[in-house]
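Hi,

Here's the structure I said I'd pass along. Have a look when you get a minute, and my notes are underneath.

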Amino acid sequence: MKKLALLLSLTASPALAATGPFFSLRNTDFVVLLGFLLFIGILVYFRVPQLIGGLLDKRAEGIRADLEEARRLREEAQEVYASYERRQRDVKTQADEIVANAKREAIAQADKAKADLAASIQRRLKAAEDQIASAENEAVRAVRNSAVQTAIAAASEVLRQQGVMSDRSAGIDAAIDEVSARLH
């Protein structure tokens, strides 16, 4: 292919359009052609095309390596992104669970507080009822004691006026026993 390109470049040269003998050193086109061929020959002799090809191959290999590195970094970035999304979903799930647990605990605490308040109210009501019953019992005892003392005093007065001393003592004792039996 290189040879074909060289042959086509030689046949399409303006040197063919010049007048006079082509293969003469007086023909500038021929001299330029010889200089060009000499220059190409020197380049080929010192293997410049091979050096340029090697440099281009190295450059192509570097580009391939850069592309491979870019692919690897892209895959790694996708993995990191996927990991981040998984963690974000996990954290969101955990946050939802924490909120749900907090709501359940708040409801449970509110229910417990309501139950404790109801129990406290019941205890206070019972204590108040017990105090009222105790006060009623105390009032009944006070009235009974007062009634007993009044009855004893009245019986003593009646007996004092009615009878003899010995009869009085026996009557008082009987009255006291009778009042005690009735009140207790």
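Let's start at Leu38, which sits in helix H2, the stretch covering residues 28-45. Keep in mind that this is a predicted model. Leu38 has a relative accessibility of 56%, so it counts as exposed, the cut-off for that being over 50%.

Leu38 also has company out there: together with Ile42, Tyr45 and Phe46 it makes up a nonpolar patch on the surface. The accessible area of these four residues together is about 500 Å².

Two members of that patch deserve a second look. Tyr45 comes out at 66% relative accessibility and therefore counts as exposed. Phe46 is exposed too, at a relative accessible area of 55%.

There is one aromatic pair in the structure. It is made by Tyr45 and Phe46, whose ring centres are 5.1 Å apart with the planes at 80°, so the pair is edge-to-face. For that label the planes have to be over 60 degrees apart.

As for the overall picture, the protein chain has four helices and zero strands, so to speak an α-α-α-α run when read from the N terminus. How many of its residues count as buried? Of the 184 in the protein chain, 6% do, buried meaning under 20% relative accessible area. The accessible surface of the protein chain adds up to about 16,000 Å², and carbon and sulfur atoms account for 62% of that.

That's what I have for now. Shout if anything is unclear.

Cheers

Key. Residues numbered from 1 in each chain as written. Predicted model: local features only at pLDDT ≥ 70, side-chain atom pairs only at ≥ 80, totals over all residues. Heavy atoms only, no water. Patch = residues over 30% accessible without salt bridge, like charges linked within 9 Å, V, L, I, M, F, W, Y side chains within 5 Å. Areas by Shrake-Rupley, 256 points an atom, 1.4 Å probe, with all protein chains shown as cover. Salt bridge = Lys/Arg side-chain N within 4 Å of Asp/Glu carboxyl O. Helix = DSSP H or I, 4+ residues; strand = E, 2+ residues; numbered from the N terminus. Buried < 20%, exposed > 50% of the residue type's maximum accessible area, 1.4 Å probe, protein only. Phe/Tyr/Trp six-rings, centres within 6.5 Å; stacked < 30°, edge-to-face > 60°.
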